[in-house]
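Visitor: I am new to this structure. Could you take me through the terms used for it and the reasons behind them?

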Amino acid sequence: MENSIIWKVDPHTKLSSYIDSVEYIALETHPDGLFNMVEKLVVQDDKIFILDFRNCKQVFVFDTTGKFLFPVGALGRAPGEFLETRNFTVDSNYIYVIDNFQARLLLYDLNGTYIETKQLPGVFYDIAILGNGDYMFSWQPLKDLPVKKENKITITDRNMNVKKELLPANESDCCNSTKLSFFTQNTENIIYHTLLSDTIYLLDRHDASTFSTLTIDFTNHSIPMKWRQDYSKVTENYQYLYTTPFVTPKYILGSNDSEPYLIDRKNKKVILNSRDKDDYFLLDPDFVAGNKVFSYLLNDTYQAMIKDGMKRAPKEIEEKLEKDHYVLIKYILK
């Protein structure tokens, strides 16, 4: 099943017209929960999970009011410890942590208690959980790295026996290490995307061999196949989907190199933030569930949006931002 949406920005519709309201979540500053970057964010069962991969290599957990709860595991070689958190995911049962240094998957319960370790059948960069409990892993050819695989997606059972592999890899798929997340998900699908690509794969969560593709057609700005590995030429002259988008029944949300976008699936409209003053501006989406979009907010960004007309946050949130505390903004979409 092939679908395509032409990337044609609607200059007459304000992105704020899709936002009903916003809420702010100030994350507690705690000595056991200090991080420098929000590189992946998941909200599950009234908990907020944040990964700082490049600095702390760990996941930190907060409740939905921002109170710090616990870090997931610790660096080390003892049971329940890891040498890095390359990526993670969460479902209603466990927290799953990939440690590629030891080719292991560590499982913790939703309170952070270590459960068990499974030996991975290879090196992987992201993970999703299928409806039957099977694992879906992604691998991507990274420039100048020797690890080679034939396929980009591997599906295993709970005992790590490989059941199926999907999407053959080729040289045009070459990625770079700046892209951390290759999967997002909704109730029906796991969404897969790789860097320098204009195509989204929507894999059925209950039958992963069934999937559809959704292509964003950038018309004369689409990347020719011969330039797919030339980052300087691609980034100067062509357009592509930068992050793995979040897909809901109504919207596709993502960021093209710090340019947040919303695609109205019904009307096939591409909406960007207004260049004029506006009530709301959308930040890069870090997590989407239904009509709720979560993003990380910095004080400099907040001050710029206020100057452009955005409604002010509560005073206590402004005070937190001024002191460089970590704040999330939650958008409620219409």
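Guide: The talk below covers two sheets and some charged pairs in a predicted model.

Visitor: What makes β3 and β6 edge strands in their sheet?

Guide: The sheet is open, with the strand order β3-β4-β5-β6 and antiparallel pairing. β3 (40-44) and β6 (68-72) each have a single partner strand, so one side of each lacks a neighbour in the sheet. Neighbouring strands here are turned by 20 degrees against each other on average, direction ignored.

Visitor: How do you know that β3 and β4 pair?

Guide: Pairing calls for at least two bridges between two strands. β3 and β4 (residues 47-52) run antiparallel and are joined by five bridges, so they meet that rule. One bridge sets V42 opposite F49 in β4. In the hairpin of these strands, with two residues between them, D45 has a positive phi near 50 degrees.

Visitor: What about β5 and β6: how many bridges do they share?

Guide: Strand β5 (residues 58-63) pairs with β6 over four bridges, in the antiparallel sense. V61 is placed opposite F70 in β6.

Visitor: Why is β3 called mostly covered?

Guide: Buried means under 20% relative accessible area, and five of the five residues of β3 are buried. K40, V42 and Q44 point one way, while L41 and V43 point the other way.

Visitor: Which strands stand at the edges of the sheet β9-β10-β11-β12?

Guide: That sheet is open and antiparallel too. Its edge strands are β9 (87-90) and β12 (114-119), each pairing on one side only. β9 and β10 (residues 94-99) pair over four bridges, and V90 has I95 as its bridge partner in β10.

Visitor: Why is the contact of K269 and D10 called a salt bridge?

Guide: The cut-off is 4 Å between a side-chain nitrogen of Lys or Arg and a carboxyl oxygen of Asp or Glu. The closest N and O atoms of K269 and D10 are 3.6 Å apart, so the pair falls within the cut-off. K269 lies in strand β24 (residues 269-272) and D10 in the loop between β1 and β2, so the bridge ties together parts that are 259 residues apart in sequence. By this rule the count comes to nine salt bridges.

Visitor: Is K330, which pairs with E23, buried or exposed?

Guide: K330 has 14% relative accessibility, so K330 counts as buried. E23, at 38%, is partly exposed. Their side chains meet in a salt bridge of 3.2 Å, N to O.

Conventions: Residues numbered from 1 in each chain as written. Predicted model: local features only at pLDDT ≥ 70, side-chain atom pairs only at ≥ 80, totals over all residues. Heavy atoms only, no water. Axes fitted to C-alpha atoms, helices over the stretch in contact; angles between N-to-C directions. Buried < 20%, exposed > 50% of the residue type's maximum accessible area, 1.4 Å probe, protein only.
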